[in-house]
Amino acid sequence: MINKKKIVLSSIIFFSIFFVCCIYTSLSDDTTSRDGLHLSDKKLTEFYAEYPKNYKKYPDEIKAFYKAYTSLISEIKYINNDWLITLKGIDLYWADGKLLPPDKINNKDKYRSYGFYKYPDKLPEIKKEPDAEMLERIKRYTDSRQNLQRDNTFLETLYNGQNLKEIQKHIKVVNFLGFRVEAHESVIDRYNAIDKEIKELALKNSEIKQFLATLGSASTFIWRDIENSKSKSYHSFGIAIDINPKKLGKKQIYWNWTLNYNDKWYTIPYSERWMIPSEIVKIFEKYGFIWGGKWFAFDNMHFEYRPEILILSGREIAAP
C-alpha cells in the first residue's frame, strides 16, 4: 500500500514546481515595462537600455525632448522643484520650456519659452471674428515677443556656437530645390532627403512640378534676430529655411507684414494666403521640420527643425 504521506508530499512538490514554472513563464513572456508595455525579455532589455530609469516620471514635453536629442543628453533629474537636463555637458533647467542655465533660473520671468505645443496635423480653423480668448492670446503673444527674449544657451549648445564666427564653422552648402543654400551640418542630410523626395514627387505630380517652377528663392542661414523681437532667429543657427515665390500677387505670406495694413491679420482665410502644397509640408515634417503655415501667427514661407515638437504631437521622425 502506498504511504498516504508520500502521496501528499509528492502532490505538494508537483504543484509547487508547476506554480513556479507558471510564474516564470508569465514574467518572461509578458513582462510589463515602465510605460505599461508588454515586452519579451529581449525587447525589455532593449527598452531599459534605451530609456533612463526615471523616464516614466517625465512630463510629456520632457519625454519628447529626450527622444529628440537622446544621444546628446547624459542625464535628466528632478531637482529644486524642476527638471534639470544635462545636454552635451551643459545643465539646463526646464523652466516651463525656457531651458535656462542655473545662473539664470532666478530671473526666469525675463525670458520667453521656446514654445512646446501640440503641432496640428491639419490646418487650424480660422475664426472670422475674434473672441475674448483670442484677443487675450494675441496680446500675450505680442507682449512676449516684443518685451521678452529667449535665452540662447540651448541652441548655442546644440549647434556648437555662441556667435556668428563659431556657428559659421558648422555651416555647409547644399543644393535644395534648385537653390544653393547654407545650413548647419547637422541637418544637411535631412535637406538632401527632403530635396530628393520632393523632386521624385514632382515627376509624377504635375501640380507639385508647377509649384516648384513658381519658386523664386530659398534662404537658410542668416545671423539675425526674429523680426520685431529680442530673440535670436532659428536662421541664425542654420536650422530654418524660407521658401519664397517669384511673385506673391495679392497673397499674404507673413502675419507681421500683413499687420502693417490689416490689424485683423489673424482672420485672413487660407484662400488669401500663399500656401505650400500639403504633400511638400508632409515631407518636411517627416524629417523633423515644422511649418509656419500652421501657426496662429502665420509664416507660410518658413520651416524650422523642431523634432521635439513633432514627437510631442505623436509623430515619428524619419532618419535621412
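**Exercise 1. Place Lys 294 in the predicted model and describe its surroundings.**

Step 1. Lys 294 is found in the loop that connects β10 (289-291) with β11, and the model in which it is examined here is a predicted one.

Step 2. The relative accessible area of Lys 294 is 9%, and because buried means under 20% relative accessible area, this lysine counts as buried.

Step 3. Its side chain is engaged in a polar contact with the side chain of Glu 285, at 2.9 Å.

Step 4. Leaving aside residues up to four places away in sequence, Lys 294 touches Tyr 119, Pro 120, Asp 121, Lys 122, Leu 123 and Pro 124, together with Val 281, Glu 285 and Arg 315.

**Exercise 2. Work out the strand order of the sheet that contains β10 and β11, and state which strands stand at its edges.**

Step 1. Three bridges join β10 to β11, and these two strands run antiparallel; in this pairing Trp 291 stands opposite Phe 303 of β11.

Step 2. Strand β11 (residues 302-305) also pairs with β9 in the antiparallel sense, over three bridges, and here Phe 303 is the bridge partner of Ile 241.

Step 3. Strand β8 (residues 215-219) is joined to β9 by four bridges, again running antiparallel, with Ala 218 opposite Ile 243 of β9.

Step 4. Taken together, the four strands form an open sheet in the order β8-β9-β11-β10, with antiparallel pairing. Since β8 and β10 each have a single partner strand, they stand at the edges, and one side of each is left without a neighbour in the sheet. From one strand to the next, the twist averages 20 degrees.

Step 5. Helix α10 (residues 278-286) packs on this sheet, where it touches β9, β10 and β11, and its direction makes about 145 degrees with that of β10.

**Exercise 3. Determine which residues of β9 point one way and which the other, and whether they are buried or exposed.**

Step 1. In a regular strand the side chains alternate between the two faces of the sheet.

Step 2. In β9, Ala 240, Asp 242 and Asn 244 point one way, whereas Ile 241, Ile 243 and Pro 245 point the other way.

Step 3. Both sets are buried, so that six of the six residues of strand β9 (residues 240-245) are buried and the strand is mostly covered.

**Exercise 4. Check the length of helix α4 and find how its buried residues are arranged around the axis.**

Step 1. At 1.5 Å a residue, the 16 residues of α4 (residues 132-147) should span 22 Å, and the end C-alpha atoms are indeed 22 Å apart, so the expectation and the model agree.

Step 2. The buried residues of α4 include Met 134, Ile 138, Thr 142 and Arg 145. These residues cover an arc of only 65 degrees around the axis, which means that they lie on the same side of α4.

Step 3. On the other side of the helix, Ala 132, Glu 133 and Arg 140 are exposed, while the buried residues of α4 pack against α9 (255-258).

**Exercise 5. Describe the setting of Tyr 159 and its relation to Ser 186.**

Step 1. Tyr 159 belongs to the loop between α5 (153-158) and α6 (164-168), and its relative accessible area of 3% makes it buried.

Step 2. Beyond residues up to four places away in sequence, Tyr 159 touches Ile 167, His 170, His 184, Ser 186, Phe 237, Ile 239 and Tyr 305.

Step 3. One of these contacts, Ser 186, is 27 residues from Tyr 159 in sequence, yet the two are 8.0 Å apart in space, C-alpha to C-alpha.

Methods: Residues are numbered from 1 along each chain as its sequence is written. This is a predicted model: local features need pLDDT of at least 70, side-chain atom pairs count only at pLDDT 80 or more; totals for chains, interfaces and linings use all residues. Side-chain values use heavy atoms; hydrogens and water are left out. Buried means under 20% relative accessible area, exposed over 50%, partly exposed in between (1.4 Å probe, protein chains only). Contact means heavy atoms within 4.5 Å. Two strands pair if DSSP finds at least two bridges between them. A polar contact is a pair of N or O atoms within 3.5 Å; within protein, one must be able to donate a hydrogen and the other to accept it, and residues adjacent in sequence count only if both atoms are side-chain atoms. The expected span of a helix is 1.5 Å times one less than its number of residues. The arc is that of the directions from the helix axis to the C-beta atoms. Axes are lines fitted to C-alpha atoms, for helices over the stretch in contact, and angles run from 0 to 180 degrees between N-to-C directions.
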